[in-house]
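Please open the structure in your viewer and keep the selection tool at hand. This tour proceeds step by step, stating at each stop what to select and what is found there.

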Amino acid sequence: MKKIYLIGIGAGNPDYLTVQAINTMKKVDVFFLLEKEGCEELVGIRKEILEKYLEEGRYRVVTAEICERKKGGRLYEQGVETWRQQKAGVILELIKHKMNDGETGAFLIWGDPSLYDGQLEILQYILKQGVVDFEYEAIPGITSVQVLAERHKIPLNRIGETIVIATGRRLKEYAPSEVKNIAVVLDSYAAFRHFRDEDIDIYWGAYLGTADEILISGRLKDVIEDIQKLRKEAKKRKGWIMDAYILRRVEGLEMDKVDSHNYDDIC
Ligand SMILES: C[S@@+](CC[C@H](N)C(=O)[O-])C[C@H]1O[C@@H](n2cnc3c(N)ncnc32)[C@H](O)[C@@H]1O
């Protein structure tokens, strides 16, 4: 039986790898690196991770091209589905033809495999087709949302509050009054613009964990121009941008205002 690992590598810095991720990598015969035009740097970080943690010559690397998702279609979900099916076709071929029975293969997943990453569902989709059989397992990684909070030295939620994780596309569905703590990823629209007149703080970060990291925080209306300018400049300079942010309503329960008899929500 073939075995596939989806190994979470953390979001940015090769030092974010967990001991479990490193120990799993040592068992792998073949690493599959998926290349997308314009994202060569992300493949580079994966190669750096392999060189940093593994002995040369003890593993194979197979690269494959995947196409960019076509943007701008009428139905976003349908577009993503089609793109995932194309990606599944490439991955199926890799598992079928580029590893032998009894071997272990792995995909190095940016951040954590469970957060806005389609690879788990793609493997399940391939198995359902019944063309190839394999076991699979996911290894957790440090997500971009966690890195963002740590880099800004803030907890993800204040006492007893909820934390929502959303995409830029979905952010618009929230009424300003509903914004307590929202972490936003995958936002190519700068959707935070919709809340610019609200009493909301933003904790923004781009290229987190890398040498190009940029961090900005403050009252949204005060820093919005800076963020938009830096975003534009960085994207032009590097050709791509990966950024995330937390929006947080200014009022909220702070440590010194907590009723000392009610510790239910405090850990
Ligand atoms: C397809 S999602 C994958 C998320 C990933 N699985 C994780 O655990 O963070 C990609 C989005 O995550 C965010 N992201 C990932 N890595 C990042 C980084 N190093 N700096 C800033 N944002 C990042 C960006 O919003 C990016 O558009």
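Two residues are said to touch, or to be in contact, when heavy atoms of theirs lie within 4.5 Å. Please bear in mind throughout that this is a predicted model.

**The whole chain**

Begin by displaying the chain as a cartoon. Seven helices and ten strands make up its secondary structure. The radius of gyration is 20 Å, close to the 18 Å that the globule rule gives for 267 residues, so the chain is as compact as a globular protein of that length. Along the principal axes, the C-alpha atoms fill a box of roughly 60 × 45 × 35 Å.

Now switch on the surface. The accessible surface amounts to about 14800 Å², and carbon and sulfur atoms account for 47% of it. Of the 267 residues, 45% count as buried. Consider also the contacts between residues at least 6 apart in sequence: 72% of these join residues at least 24 apart.

**Helix α7**

Next, select residues 220–238, which form helix α7. Within this helix, select R231. Is R231 buried or exposed? Its relative accessible area is 11%, which is under the 20% limit, and therefore R231 is buried. Leaving aside residues up to four places away in sequence, R231 touches D187, S188, Y189, A190, F192, W204, I241 and D243.

Move along to K235, which is also found in helix α7. With a relative accessible area of 45%, K235 is partly exposed, because this value falls between the 20% and 50% limits. Under the exclusion of residues up to four places away in sequence, K235 touches Y207, W240 and I241. I241 thus appears in the contact lists of both R231 and K235.

An α-helix has 3.6 residues a turn, so residues three or four places apart point the same way.

**Helix α5**

Select residues 144–152 to show helix α5. Which of its residues are buried? They are V145, V147, L148, A149 and H152. Then add the strands against which these buried residues pack: β6 (164–167), β7 (181–185), β8 (200–206), β9 (214–219) and β10 (243–249). Just after α5, select K153, which takes a positive phi of about 60°.

**The second largest pocket**

For the final stop, select M25, K26, K27, V28, Y53, L54, E55, R58 and Y59, which line the second largest pocket. About 160 Å³ of space lies in this pocket. How do the lining residues divide by character? Five are nonpolar and four are charged, while none is polar.

Terms used. Residues numbered from 1 in each chain as written. Predicted model: local features only at pLDDT ≥ 70, side-chain atom pairs only at ≥ 80, totals over all residues. Heavy atoms only, no water. 1 Å grid on protein atoms, 1.4 Å probe; cavity = no way out; pocket = protein on both sides within 12 Å on 5 of 7 lines; lining within 4 Å. Points joined across faces, edges and corners; volume = space filled by probe spheres on them. Nonpolar A, V, L, I, M, F, W, Y, C, P; charged D, E, K, R; others polar. Helix = DSSP H or I, 4+ residues; strand = E, 2+ residues; numbered from the N terminus. Buried < 20%, exposed > 50% of the residue type's maximum accessible area, 1.4 Å probe, protein only. Rg over C-alpha atoms; globule rule 2.2 N^0.38 Å. Areas by Shrake-Rupley, 256 points an atom, 1.4 Å probe, with all protein chains shown as cover.
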